[in-house]
Amino acid sequence: MSHKAWMKTVPTENCDVLMTFPDSTDDHTLLWLLNHIRLGIPELIVQVRHHKHTRAYAFFVTATYESLLRGADEIGLRKPVKAEFGGGMRSFSCEEDYIYENIENELHFFTSQERQNIIRYWLENLRAKQGEALHNIHFLEGQPIIPELAARGVIQQVFPLHEQRILKRLMRSWVQAVCEAQPLDEICDYFGVKIAMYFAWLGFYTSAMVYPAVFGSILYTFTESDQTSQDVCCVVFAIFNVIWATLFLEEWKRRGAEFAYKWGTLDTPAESIEEPRPQFRGIKRISPVTSAEEFYYPPWKRLLFQCLVSLPVCLSCLSFVFLIMLGCFQLQVGLCPPVPSAGGRCGVPVSPLSLSPQEFVLSIQELPRVLRFLPKIVLALVVAACDEVYKKIACWLNDMGAR
């Protein structure tokens with residue numbers, strides 16, 4: 001809840017990205033990181049604030065308009081070009097800034113998502129020099145500092161801030177709107193192209209599902225009760241679904257290409273090679289490709305861990321769930337049939353010690369009805385508990401096996 005407390009109790013008009021620290025962070029760590037940010041990224045404006053309720057420190061990060069323009073040039077941010085200069089989308093260039101739309105308007109040229117993207121790009125590319133260290137954390141030369149500190153828990157979280165004014169407008173035009181088209185351009189400006197493309201596909205898919213729903217309802221209504229009529233209708237509906245799916249895919253390819261061109265991502269160059277995960281651990285070595293120092297983890301160790309640890313753990317988890325489910329089903333079968341008499345065959349009494357658990361339950365004459373739901377309740381509780389435990393096991397296996 002700490003990030004919500006920051007947003008509600010501290011003015012954030014002059015902040016784009018917020019970086020919070022645990023309440024146990026010492027002053028040396030804060031000053032060390034603050035100096036590195038101010039020296040390594042002079043374009044950023046950083047304000048240090050202390051939250052009196054959580055007793056935690058935070059860096060409020062923003063940048064000037066001129067710095068954002070240089071950042072847009074650095075990352076190749078695509079912006080719309082004025083009609084007199086050819087229109088369309090083009091990577092931003094400070095040398096030809098006059099050709100872009102709304103370049104004179106500092107408040108509207110960059111969307112909040114673009115501002116935050118530029119600032120976060122700078123933060124994640126703050127590199128360590130050779131031999132730098134913070135407490136027991138030793139950095140490689142050129143290693144990103146902030147992702148590593150976030151992975152080690154020194155930085156609690158780094159996240160962009162919402163703009164309440166835009167959120168309220170989206171709430172009215174998008175969330176609360178009924179039977180109206182989604183404001184995809186506004187969603188793209190605020191959340192980015194990936195989020196907007198997802199909701200564009202979701203809206204298109206939902207609209208396209210109307211056709212098989214209507215056709216299937218009509219077909220079901222006029223289907224006779226005999227088996228031959230039902231088989232014919234199933235074949236007709238299957239053929240319809242094949243045609244519908246083909247047309248749906250082709251139409252979405254065209255629609256998706258339109259959105260990609262409109263939002264300037266149709267001819268975006270491939271992303272550069274990503275940095276290794278901050279959680280990646282290994283031995284230091286000289287890369288045979290780049291001749292730079294890097295972390296290296298032998299593939300045979302990863303394979304050994306997967307065979308001797310990951311596979312047995314996964315099989316054990318699956319076996320446990322299967323046995324629990326089987327036991328609950330057996331108990332359910334024992335509770336549902338009519339209760340037999342306590343005697344054995346031909347009225348011969350049978351000792352309770354010689355009965356199986358299922359037969360013992362069946363031998364009880366007056367079994368409360370509420371106990372019939374006991375297996376389902378037990379299964380639901382076991383599934384919920386296993387979900388939490390298995391999630392932690394999966395994260396641990398992923399971190400250990402992906403080294």
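This passage describes the helix contacts and aromatic pairs of a predicted model.

The protein has 403 residues, of which 29% count as buried. Its secondary structure consists of 13 helices and ten strands. Contacts between residues at least 6 apart in sequence were examined for their separation along the chain, and 60% of them join residues at least 24 apart.

Helix H3 spans residues 65-75, and its buried residues are Tyr65, Ser67, Leu68, Leu69, Gly71 and Ala72. The spacing of such positions can be read against the geometry of a helix. An α-helix has 3.6 residues a turn, so residues three or four places apart point the same way. Strand S3 (56-63) and helix H4 (112-124) are among the elements that cover the buried residues of H3. After H3 comes Gly76, which has a positive phi near 70 degrees.

The packing of H3 against H4 was then described in terms of axes and residues. The two axes come within 10 Å and cross at roughly 75 degrees. This angle makes H3 roughly perpendicular to H4, because angles of 65 to 115 degrees fall in that class. On the H3 side, the contact involves Ser67, Leu68, Gly71, Ala72, Glu74 and Ile75. These residues meet Arg115, Asn117, Ile118, Ile119, Tyr121 and Trp122 in H4. By type, the contact contains seven nonpolar, three polar and two charged residues. Ser67, Leu68, Gly71 and Ala72, which take part in this contact, are also listed as buried in H3.

A second helix pair is formed by H8 (residues 193-208) and H10 (residues 227-262), whose axes come within 11 Å and cross at roughly 150 degrees. H8 and H10 are therefore roughly antiparallel to each other, and their crossing is right-handed. Met197, Ala200, Trp201, Phe204, Tyr205 and Ala208 make up the H8 side of the contact. The H10 side consists of Trp244, Phe248, Glu251, Trp252, Arg255, Gly256, Phe259 and Ala260. Eleven residues of the contact of H8 with H10 are nonpolar, one is polar and two are charged.

Aromatic residues appear on both sides of the contact between H8 and H10, including Trp201 in H8 and Trp244 in H10. Across the whole structure, a search finds 22 aromatic pairs. In the pair of Tyr205 and Phe248, the ring centres lie 5.7 Å apart and the planes are at 70 degrees, so the pair is edge-to-face. Tyr205 belongs to helix H8 and Phe248 to helix H10, and the pair links distant parts of the chain, 43 residues apart. Tyr205 counts as partly exposed, with 31% relative accessibility, whereas Phe248 counts as buried, with 11%. Both residues are members of one aromatic cluster, formed by Trp201, Phe204, Tyr205, Trp244, Phe248 and Trp252.

Helix H10 also takes part in an aromatic pair with helix H9 (residues 210-221). This pair, formed by Phe215 and Phe240, is stacked, with 4.3 Å centre to centre and 20 degrees between the planes. Phe215 lies in H9 and Phe240 in H10, so the pair ties together parts that are 25 residues apart in sequence. Phe215 has 27% relative accessibility and counts as partly exposed. Phe240 likewise counts as partly exposed, at 22% relative accessibility.

Definitions and conventions:
Residues numbered from 1 in each chain as written. Predicted model: local features only at pLDDT ≥ 70, side-chain atom pairs only at ≥ 80, totals over all residues. Heavy atoms only, no water. Axes fitted to C-alpha atoms, helices over the stretch in contact; angles between N-to-C directions. Helix = DSSP H or I, 4+ residues; strand = E, 2+ residues; numbered from the N terminus. Parallel < 35°, antiparallel > 145°, perpendicular 65-115°, else oblique. Left-handed = near helix turned anticlockwise from the far one by under 90°. Contact = heavy atoms within 4.5 Å. Nonpolar A, V, L, I, M, F, W, Y, C, P; charged D, E, K, R; others polar. Phe/Tyr/Trp six-rings, centres within 6.5 Å; stacked < 30°, edge-to-face > 60°. Buried < 20%, exposed > 50% of the residue type's maximum accessible area, 1.4 Å probe, protein only.
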